Amino acid sequence: PASSIMVSAREPLLAQHRPMAPTRGGGPDAVAFDHATSFWSALIMLSCTCTLFVVAQWTTHLRAWQHALSADDVVSIITFLDIGAFLAFIPGVLYDDLGCKIVGYVGALLSLGGYVCMDQLLKSDAGANVPLLCFVGFVIGHGSIWLVVCALNTVTNNFEKQDRGRAVGLVMTTFGLSAGIYSSLIHIVEGTSIEPNLLGFLGISMGSISLVCVLGIAKMPPGHLLTAHGARATHALGLCILALVLITLRALWTLQVHGLDVIAVVMAVLYVLVLAFQAFLVVRLFLRRGWSIFFQHTMLEEASADGTAGALTAVSGEVDGSTFSEALRAVEYWLLLFVFLIGIGIGQNMVNSIGDIPGIDVATGVAIFAAGNAVGRFVPGYLSDLLFRHLDRMGFIIIATALLCVSQVVMLVSQQSPIGIYAGIFLTAAAFGSYWVLVPAVEAEWFGRLHFGKIHGLMLFLAGDGGVVALYKGLASFAESTRGPCDASSRVAGCFELKWLVCLALSGIAMLAAVAVRFKRGRVQRSESPCPHPSSMTTSLRTSVSIEDGGH
């Protein structure tokens with residue numbers, strides 16, 4: 001009976017007091033489908049967390065909506081938005097202590113409230129209140145990181161080691177694709193009666209979609225992990241490839257019929273179908289598990305007649321890992337943080353500057369960044385799983401950092417060539433996206449999953465906000481003081497030349513740091529080799545969660 005289910009002391013208090021109601025029939029295959037629903041809900045949730053990547057597109061409207069805003073005011077608003085978007089330590093701590101549902105709900109409400117408040121402030125006749133707009137920008141960005149922590153941490157915790165990179169890569173791919181999806185939606189809205197309410201539209205759509213997705217997200221039962229096959233990762237890959245093709249086509253080719261962008265409309269229709277699928281998943285889960293889907297953070301299973309759990313998942317052979325303080329004492333943690341800081345800083349400097357780079361179209365630049373970002377997020381995660389025995393994930397981070405160096409060289413020598421600029425944007429985005437997948441996978445591998453929320457949350461906070469303050473706001477101020485005013489047409493090229501030179505130098509230093517991390521970690525692994533890891537002495541049961549076998 002449900003009342004006899006024992007909940008671990010590490011489970012959230014809400015789960016201890018309100019254990020999940022028994023499932024309403026369906027057998028092991030139905031339970032397996034429930035478990036895979038968590039992966040798909042995380043996947044779809046991150047399709048609407050594109051605040052970081054479409055900011056260049058909607059901030060082009062800010063000065064038109066509020067004439068009192070200067071170019072420096074817009075930079076300040078974006079900077080505070082970025083700072084909020086990387087303040088991941090708070091949601092990371094709360095994720096570990098309270099579970100995924102609370103974090104997801106807070107993120108959805110912050111995104112909704114922030115965008116709606118920004119919309120109303122810009123329509124106000126009281127004039128531009130820059131400090132208040134900066135605060136609201138911070139709220140908008142902060143809402144997105146709560147959603148990212150909810151989805152990313154749950155997927156990282158739910159998958160076994162061999163499939164974790166692939167699963168995290170897919171989820172973070174949708175995070176990258178979200179810019180292309182919402183860029184298409186914004187393009188459709190522009191020129192219609194909705195355009196004056198664009199920010200309200202973004203807030204309502206992102207907030208409501210996220211709230212629905214939170215209902216489907218939950219951690220696996222204790223001792224069980226998902227496999228890529230069981231979660232139907234191949235189907236998710238196909239969907240991501242289709243979206244990537246549409247985004248790339250739209251960036252390279254304009255097809256209009258009766259004034260409508262056909263590719264953007266196809267993307268919008270595809271997205272509506274995906275959201276309808278998410279609604280089906282949540283309704284099905286509600287019919288099976290009742291009101292518990294609103295507050296239950298972990299899928300606790302009713303014992304079957306033979307005394308086993310109802311779901312056919314893989315049994316975890318991993319140990320809990322390091323404590324938070326042990327991770328902070330590791331030298332490699334701080335070296336990895338430095339590499340991550342440079343990668344995020346250069347990537348955010350690029351995406352925030354797309355609207356100011358002369359000679360290119362903003363919407364096309366955003367779409368190309370989205371395509372590169374998506375490729376960078378999925379390919380390294382997928383390959384790092386397949387080639388793990390030949391090249392560890394730090395090796396892939398070194399490759400990503402080398403690509404970052406190349407991208408800055410391309411931007412430096414291609415200022416007069418739109419094609420070269422677009423190529424540099426794509427390469428920068430690919431390198432930038434790779435860090436988002438590889439860094440959390442490396443952290444989980446080094447330090448375990450028990451305190452992953454705190455460990456990764458602190459790294460993302462320090463690397464993200466440090467990168468934004470130093471390489472976006474700081475570099476913009478430095479260029480303004482030495483080669484400015486940078487909004488003057490005669491000075492724009494010189495300002496960007498200085499930015500690409502500094503970014504190239506810093507990416508070279510990051511390359512040296514990445515090599516040092518790999519060397520340091522190799523020494524640690526060699527020193528630990530006489531004592532086999534407990535997971536190596538455990539035979540992992542890789543019986544996958546299968547949706548297909550049950551006819552779903």
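This report describes the fold, model confidence, internal cavities and three individual residues of a predicted protein model.

## Overall make-up

The protein has 552 residues, and 57% of them count as buried. Its secondary structure consists of 19 helices and 4 strands. Among contacts with a separation of 6 or more, 85% join residues that lie 24 or more positions apart.

The exposed surface of the protein comes to about 21200 Å². Carbon and sulfur atoms supply 67% of that area.

## Confidence

The mean pLDDT over the protein is 80, and 80% of the residues score at least 70. Confidence is highest in helix H16 (residues 393-413), at a mean of 93. The lowest value belongs to helix H1 (residues 13-17), with a mean of 36.

Residues 302-319 have a pLDDT below 50, yet this stretch makes 46 contacts in the model beyond near neighbours in sequence. Residues 531-552 also fall below 50, and there the model shows 47 contacts beyond near neighbours in sequence.

## Cavities

How many cavities of 30 Å³ or more does the structure hold? There are 4. The largest cavity contains about 170 Å³ of space. It is lined by 14 residues, and the closest to its centre are Ser-47, Thr-174, Ile-181, Leu-239 and Val-274.

Four elements each give two or more residues to this lining: helix H2 (27-45), helix H9 (161-189), helix H11 (233-252) and helix H12 (262-289). The most comes from H12, which gives 4 residues. By class, the lining of the largest cavity is made up of 12 nonpolar and 2 polar residues, with no charged residues.

## Ile-209

Ile-209 belongs to helix H10 (residues 198-216). Is this residue, Ile-209, buried or exposed? Its relative accessible area is 12%, so Ile-209 is buried, the cut-off for that class being under 20%.

Leaving aside residues up to four places away in sequence, Ile-209 touches Cys-48, Tyr-182, Tyr-271 and Leu-275. The C-alpha atoms of Ile-209 and Ser-47 are separated by 9.2 Å, although the two residues are 162 residues apart along the chain. Ser-47 is also one of the residues closest to the centre of the largest cavity.

## His-456

His-456 sits in helix H18 (residues 452-483). With a relative accessible area of 5%, His-456 is buried. Not counting residues up to four places away in sequence, the residues that His-456 touches are Leu-152, Phe-340, Pro-440 and Glu-443.

## Arg-232

Where is Arg-232 placed? Arg-232 lies in the loop between strand E1 (224-225) and H11. H11 is among the helices that give two or more residues to the lining of the largest cavity.

The phi of Arg-232 is near 60°, a positive value in a residue other than glycine. Most residues other than glycine have a negative phi. Arg-232 counts as buried because its relative accessibility is 13%, and the class takes in values under 20%.

Note on methods:
Residues are numbered from 1 along each chain as its sequence is written. This is a predicted model: local features need pLDDT of at least 70, side-chain atom pairs count only at pLDDT 80 or more; totals for chains, interfaces and linings use all residues. Side-chain values use heavy atoms; hydrogens and water are left out. On a 1 Å grid over the protein atoms alone, a cavity is a set of points where a 1.4 Å probe fits but cannot get out, and a pocket is an open set with protein on both sides within 12 Å along at least five of seven lines; lining residues have an atom within 4 Å of a point. Grid points are joined across faces, edges and corners, and a volume is the space filled by probe spheres set on the points. Ala, Val, Leu, Ile, Met, Phe, Trp, Tyr, Cys and Pro count as nonpolar, Asp, Glu, Lys and Arg as charged, and the others, Gly among them, as polar. Buried means under 20% relative accessible area, exposed over 50%, partly exposed in between (1.4 Å probe, protein chains only). Contact means heavy atoms within 4.5 Å. Accessible areas come from the Shrake-Rupley method with a 1.4 Å probe; for residues, only the protein chains shown count as cover. pLDDT is the predictor's confidence in each residue, from 0 to 100.
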